[in-house]
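Here is a set of exercises to work through at your own pace. Have the sequence and the 3D view open side by side, and try each task before reading its solution.

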Amino acid sequence: MASDSDSLKYLVVDRAKLHDSAVQSEWSKKKLVWVPHPEAGFVVGSIKSQSGDELTVEIQGGRGSTGGTKTFHKDDIQKMNPPKFEKVEDMAELSFLNEASVLHNLTDRYHSGLIYTYSGLFCVVVNPYRMLPIYTDKVVDLYRSKKRHEVPPHVFAVTDQAYRNMLLDREDQSILCTGESGAGKTENTKKVIQFLAIVASSHKDASRKQQQQQQFSTPAPLHRKASVSLSTKTGLTGQQGELEAQLLQANPILEAFGNAKTIKNDNSSRFGKFIRINFDQSGFIAGANIETYLLEKSRTVHQASEERTFHIFYQIPNGMSPDMKKEFLFEDPDKYTYLSHGNLHVPGLNDAVEFENTLEAMRIMGMSEEEQHGIFQVVSAVLHFGNMKFKQERSSDQALLPDNTVAQKLCKLLGVSVTDFTKALLKPRIKTGREFTVRSQNVAQVEFSTQALSKAMYERMFKWIVHRVNKSLDRSLRSGASFIGILDIAGFEIFKVNSFEQLCINYTNEKLQQLFNHTMFVLEQEEYKAEGIQWTFIDFGLDLQPTIDLIEKPMGTLSLLDEECWFPKATDKSYVEKLIREHSSSTKFIKPDFRSKADFSLKHYAGNVDYCCEQWLMKNMDPLNDNVVQLLANSSIKFVASLWKDTANIVSMTAQVSDSAPQQKFGGSRTRKGMFRTVGQLYKEQLSNLMSTLRQTQPHFVRCIIPNHDKKANKIVASLVLEQLRCNGVL
């Protein structure tokens with residue numbers, strides 16, 4: 001266990017050493033400034049002379065700089081703060097709040113192990129890429145019931161402030177953790193829950209009673225004890241009751257099925273979540289609910305180089321007993337087509353131990369053995385979908401399944417007839433007028449169909465798991481008076497190729513940044529008003545409105561996409577043509593030149609993003625083979641059938657293909673308007689509900705920063721951090 005001094009070393013700076021008058025005097029003589037540098041961002045320089053707008057600066061060596069003398073324009077130079085502001089806890093106190101000073105302060109604190117820093121009303125955290133002893137129960141006690149200025153910066157301080165505000169003002173609160181993948185959003189979200197599970201635990205009031213029960217050999221609520229590694233990972237201690245323990249155990253389950261190794265992050269959340277923790281009148285936790293957003297289901301069928309699919313696909317082969325693997329027909333990971341890189345290991349991660357933790361978390365959550373087995377069957381089935389090998393008939397385009405060995409395993413796992421399943425895949429029945437006809441499928445169509453089914457099945461299972469977790473966390477008998485919501489969602493994304501998923505994520509971040517701007521500047525302007533400063537109110541959130549309108553308003557990018565989905569002959573190309581025709585005059589819309597690979601670009605607050613519209617109509621409709629869906633809905637296995645009980649809104653992919661749109665594998669005579677909800681419509685509605693909830697709360701912002709892409713401790717890449725600070729609204 002870390003001592004108090006160990007913890008404080010990573011939290012507090014000795015400010016007495018920084019208020020040395022001799023150092024201050026020496027600094028004043030040197031006329032020090034910040035000058036731009038290609039690698040370090042900014043380096044220290046000393047002004048030697050000035051001629052008009054040109055300054056001659058002697059550059060100091062170190063931090064990537066070789067020194068020397070250079071001439072700069074006065075606008076390229078940034079002022080430096082006096083030494084007394086070194087490693088300042090709140091950057092709003094800086095005399096000169098410029099890019100160089102913010103970067104220097106965060107870098108200096110980071111190299112000293114001080115990962116949390118305030119910037120006015122919000123908290124900035126830089127991922128340390130190492131374990132720090134600043135999340136123990138003793139540190140929780142240090143921050144409990146303290147005002148922000150009384151303790152060093154920490155996510156615990158933000159959480160305690162939200163908790164106290166909720167109790168005192170009876171106002172719902174929200175904590176928004178935002179940032180790039182690998183910046184530490186999920187870890188800080190877990191720390192928020194850990195803190196609340198301790199300070200707001202109803203278990204503690206009953207501790208004496210429990211001690212008495214233990215004396216008479218009556219088990220306390222938490223005697224379904226988790227493993228040591230699981231307890232450490234989730235923040236589970238003896239201070240929580242059963243509800244609080246279940247709240248902490250929700251994370252290992254969601255991480256197993258929703259997190260994956262990416263190039264940037266070994267434990268990246270591939271979905272967004274809003275965790276709503278309800279409290280009763282006394283401030284005790286009364287229940288919780290988790291809502292999820294945009295699971296990256298495409299990861300189930302393909303992974304980029306050096307990346308993995310969801311953790312559970314590696315936990316099972318490495319951790320499940322041979323007998324259970326045989327029961328659920330699991331094979332060697334290298335034999336699965338959908339595991340692009342076989343049994344890819346993550347340094348420092350033991351998949352076998354993680355599987356035990358997942359099972360333990362499921363047990364604490366109250367999941368029955370039957371439910372667990374149903375989950376394992378579906379995971380196995382998803383993998384087998386990719387191993388069916390189809391061939392083309394010599395005399396026609398009809399696809400064949402020469403060997404149905406894999407199909408037999410798959411159908412056993414899914415509880416359907418192998419004959420009916422094969423027929424539904426290869427020769428589905430479609431309705432033409434009042435009659436049904438059999439339509440032949442080529443290899444490309446069948447492979448697309450199987451991928452779509454496996455992705456949909458995994459997504460439905462994930463939603464079932466979230467619903468099951470919520471069922472355990474729901475304590476409707478203990479009605480909640482107020483709540484604290486914690487948002488952990490993907491940050492702004494700009495890749496070389498940006499698709500429909502990036503548009504949805506960036507649309508979300510535009511809305512969140514608008515809320516951030518509005519909240520920060522409204523509060524700032526209210527302070528001006530309180531101090532009697534003459535000020536005309538400005539809503540800075542409106543700056544982002546034109547881009548948001550371009551995405552969400554009628555005739556915007558999402559509604560035009562929906563519109564194209566109703567037309568039988570529509571294609572991705574016709575959608576792009578309509579977009580350009582409608583929005584080429586907009587200042588936020590950029591029409592690409594003939595050399596560009598992008599179909600269009602949008603001017604977001606964080607920069608211009610090029611979007612490629614390949615497969616957008618397909619992604620928006622998310623079509624499935626309805627013949628197979630009906631078989632699954634009538635499965636002999638209760639768990640499988642329950643995943644497919646709501647099939648009314650499914651878009652059929654067995655409709656007649658239009659001759660004028662050969663690049664679309666499916667589509668054609670589509671479902672009539674109003675018969676189904678598109679992915680874009682559902683997401684827009686979900687986001688609208690989230691924003692409505694957040695606007696009714698008092699928000700607290702935690703801006704997470706990734707220091708480098710090498711996952712190394714004590715290394716900061718200046719250009720990467722500056723880019724994030726601009727995207728996050730810190731600068």
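The exercises below concern a predicted model, and each task is followed by a worked solution.

**Exercise 1. The chain as a whole**

Find how many helices and strands the chain has, and what share of its residues count as buried.

Solution. Start with the secondary structure: the chain holds 25 helices and 21 strands. Next, turn to burial: 54% of the 731 residues count as buried. Finally, look at contacts with a separation of 6 or more: 67% of them join residues 24 or more positions apart.

**Exercise 2. An open sheet of 5 strands**

Work out the strand order of the open sheet of 5 strands, and then say which strands stand at its edges.

Solution. First, read off the order, which is 4-3-2-1-5, with antiparallel pairing. Strand 4 (68-73) and strand 5 (78-79) each have a single partner strand, so they stand at the edges and one side of each is left without a neighbour in the sheet. Now go to one pair inside this order: strand 1 (residues 32-37) and strand 2 (residues 41-51) are antiparallel and share 6 bridges. Within that pair, V35 sits opposite V43 of strand 2. Last, add the helix: helix 3 packs on the sheet and touches strand 1, strand 2 and strand 5, and its direction makes about 135° with that of strand 2.

**Exercise 3. A lysine in a loop**

Locate K84 and decide whether K84 counts as buried, partly exposed or exposed.

Solution. Begin with its place: K84 lies in the loop between strand 5 and helix 3. Then apply the cut-offs: buried means under 20% relative accessible area and exposed means over 50%, with partly exposed in between. K84 has 37% relative accessibility, so K84 counts as partly exposed. To finish, check a residue from elsewhere in the sequence: S21 is 63 residues away from K84 along the chain, yet their C-alpha atoms are separated by 9.3 Å.

**Exercise 4. An open sheet of 7 strands**

Give the order of the open sheet of 7 strands, and find which helix packs on the sheet.

Solution. The order is 6-7-21-8-17-11-12, and the pairing is mixed. At the edges are strand 6 (116-119) and strand 12 (285-293), each of which pairs on one side only. From one strand to the next, the twist averages 20°. For one pair in detail, take strand 11 (residues 272-279) and strand 12, which run antiparallel with 8 bridges between them. There, I275 is opposite I290 of strand 12. Helix 5 (residues 155-169) packs on the sheet, and its contacts include strand 6, strand 8 (173-178) and strand 21; the direction of helix 5 makes about 175° with that of strand 21.

**Exercise 5. A covered helix and a buried glutamate**

Determine which residues of helix 10 are buried, and which helices they pack against.

Solution. Helix 10 (residues 312-319) is mostly covered, with 6 of its 8 residues buried. These are I312, F313, Y314, Q315, I316 and P317. They pack against helix 9 (242-258), helix 11 (322-327), helix 12 (351-364), helix 13 (369-385) and helix 16 (443-473). Now step over to helix 13, where E371 is found. Its relative accessibility is 19%, so E371 counts as buried. Setting aside neighbours within four places in sequence, E371 contacts G366, W464, R468 and F639.

**Exercise 6. A hairpin**

Find which residue takes a positive phi in the hairpin of strand 15 and strand 16.

Solution. Strand 15 (residues 429-432) and strand 16 (residues 435-438) pair in the antiparallel sense over 4 bridges. K431 faces F436 across this pair. The hairpin has 2 residues between the strands, and G433 takes a positive phi near 70°.

**Exercise 7. The cavities**

Find how many cavities of 30 Å³ or more the structure has, and describe the lining of the largest cavity.

Solution. The search of the whole structure gives 4 such cavities. The largest has a volume of about 130 Å³. Its lining has 14 residues, and G179, G491, F492, C727 and N728 lie nearest its centre. By class, this lining divides into 5 nonpolar, 7 polar and 2 charged residues. For the second largest cavity, the volume is about 90 Å³. Its lining residues include W34, F85, E86 and H104, and helix 3 (residues 99-111) gives the most, with 3 residues.

Definitions and conventions. Residues are numbered from 1 along each chain as its sequence is written. This is a predicted model: local features need pLDDT of at least 70, side-chain atom pairs count only at pLDDT 80 or more; totals for chains, interfaces and linings use all residues. Side-chain values use heavy atoms; hydrogens and water are left out. Buried means under 20% relative accessible area, exposed over 50%, partly exposed in between (1.4 Å probe, protein chains only). Contact means heavy atoms within 4.5 Å. On a 1 Å grid over the protein atoms alone, a cavity is a set of points where a 1.4 Å probe fits but cannot get out, and a pocket is an open set with protein on both sides within 12 Å along at least five of seven lines; lining residues have an atom within 4 Å of a point. Grid points are joined across faces, edges and corners, and a volume is the space filled by probe spheres set on the points. Ala, Val, Leu, Ile, Met, Phe, Trp, Tyr, Cys and Pro count as nonpolar, Asp, Glu, Lys and Arg as charged, and the others, Gly among them, as polar. Two strands pair if DSSP finds at least two bridges between them. Axes are lines fitted to C-alpha atoms, for helices over the stretch in contact, and angles run from 0 to 180 degrees between N-to-C directions.
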